[in-house]
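I opened my notebook beside this model and wrote down what I looked up, one entry at a time. Have the picture open while you read along.

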Amino acid sequence: ICNQLGVIGGGKMAEALINALNIKGVQLPDRIKVFDVNVDRLNHLKSKYNVETSSSIQDLLDESDVVILAVKPQHVQIVSKSVTKPPKGLLLSIVAGYTINQLELAFNTKNIVRSMPNTPAMVLEGMTVWLATKSTPPDMVSKAKQLLGSIGEEIEVSDEGYLDMATAVSGSGPAYVFLTMEAMTDAAVHLGFPREIAEKLVLTTIRGSATYALQSPQSISDLRYNVTSPGGTTASALYQLERGGFRTNVADAIWAAYRRALELGNQNPNVGPGRNKFNDNS
């Protein structure tokens, strides 16, 4: 993808990207350099993926054609204090909630791609929504698209507001699915299944359902109708879910994640059902 790729932050998402680039063979390990304050994480990444490591954020920015910013939102300002010159190339952020304007101020650059990937990138099944600034050169945009496409599906959008929405839906989404898996598995164990069988039933069912939905020309609602026989077991189960406010709980969770993403970007989180956008104190 580029002569030198820098990564600031060596957490799970950074590792997912490094792993995908390694598997796809689109960026050689010796052309990837990682900075992290956690020496153990650096040693882990170096030993597992043969990447290079750096002890200086500024050196990384000076040397790299593309720098992936992969730290927690609350750590961006700490990172920016080590920056004395703008990045040499593209700054590609995967930081939740952190706006392009905030990144421009923190790193003194206009060449920015803001993105929101998710953890299934670890197995090359990620979903990433991203946006480039208008001043970012086309060749840098192309590099970002190739890099993000290496970890799964990618969608480029033209409105930055979609990034915070994506954070709440696809960014946090795997946790919603995992919680559902946990609940189904525990219920299956409660019924009497050994846990290993319960987990296999649940995981395979969810994987198969997602694959079926992706490949079927029918809507998700139609697929649900097809498995719901009148007066049957599925109808009884769905009645209990609806009675317990399943849809509302899911919607409220996504709205809560969206509001938190807005807060992280110092934006007004007073949005959504039951909120008055004209009253910041409600």
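These entries go from the whole chain to one helix, then to charged pairs and a single residue.

**Entry 1: the whole chain.** I began by noting that this is a predicted model. I then looked up its secondary structure and found twelve helices and eight strands. The C-alpha trace spans about 65 × 50 × 35 Å along its principal axes. For the surface, I wrote down an accessible area of about 15,700 Å², with 56% of it belonging to carbon and sulfur atoms. Of the 282 residues in the chain, 40% are buried. I also checked contacts between residues at least 6 apart in sequence, and 57% of those join residues at least 24 apart.

**Entry 2: helix α8.** I wanted to check the length of α8, so I compared its span with the expected one: 19 residues at 1.5 Å a residue should give 27 Å, and the end C-alpha atoms are indeed 27 Å apart. Next I asked myself which residues of α8 are buried. They are G173, P174, M181, T185 and A188. These residues lie on the same side of α8, because they cover an arc of only 105° around the axis. My reminder to myself: an α-helix has 3.6 residues a turn, so residues three or four places apart point the same way. What do the buried residues of α8 pack against? I found α7 (161–171) and α9 there. On the face turned away from the buried side, I found the exposed residues L179 and H190.

**Entry 3: just after α8.** I stepped past the end of the helix and met G192, which has a positive phi, near 135°. F193 sits in the loop between α8 (173–191) and α9 (195–215). Is F193 buried or partly exposed? F193 counts as partly exposed because its relative accessibility is 38%, which falls between the cut-offs of 20% and 50%. F193 also belongs to a nonpolar surface patch of about 400 Å², together with L191, I197 and L201.

**Entry 4: salt bridges.** Side chains of opposite charge can pair when their charged atoms come close. How many salt bridges does the structure hold? I noted twelve. One of them joins D65 and K88, at 3.5 Å from N to O. This pair links distant parts of the chain, 23 residues apart: D65 is in the loop between α3 (57–63) and β4 (66–69), while K88 is in the loop between α4 (76–80) and β5 (90–93). K88 is partly exposed, at 49% relative accessible area.

I looked at E154 as well; it forms a salt bridge with K145, and their closest N and O atoms are 2.7 Å apart. K145 is partly exposed, with 41% relative accessibility. Back at α8, I found D186 and R195 meeting in a salt bridge of 3.2 Å, N to O. Both partners are partly exposed: D186 has 41% relative accessibility, and R195 has 39%. Elsewhere, E15, R41 and K48 are joined into one network by salt bridges that share partners.

**Entry 5: N19.** My last stop was N19, in helix α1 (residues 12–24). Why does N19 count as buried? Its relative accessible area is 14%, and buried means under 20%. Which residues touch N19, leaving aside its neighbours within four places in sequence? I found N19 in contact with Y49 and M122.

How values were computed:
Residues numbered from 1 in each chain as written. Predicted model: local features only at pLDDT ≥ 70, side-chain atom pairs only at ≥ 80, totals over all residues. Heavy atoms only, no water. Patch = residues over 30% accessible without salt bridge, like charges linked within 9 Å, V, L, I, M, F, W, Y side chains within 5 Å. Areas by Shrake-Rupley, 256 points an atom, 1.4 Å probe, with all protein chains shown as cover. Salt bridge = Lys/Arg side-chain N within 4 Å of Asp/Glu carboxyl O. Helix = DSSP H or I, 4+ residues; strand = E, 2+ residues; numbered from the N terminus. Buried < 20%, exposed > 50% of the residue type's maximum accessible area, 1.4 Å probe, protein only. Expected span 1.5 Å × (residues − 1). Arc of directions from axis to C-beta. Contact = heavy atoms within 4.5 Å.
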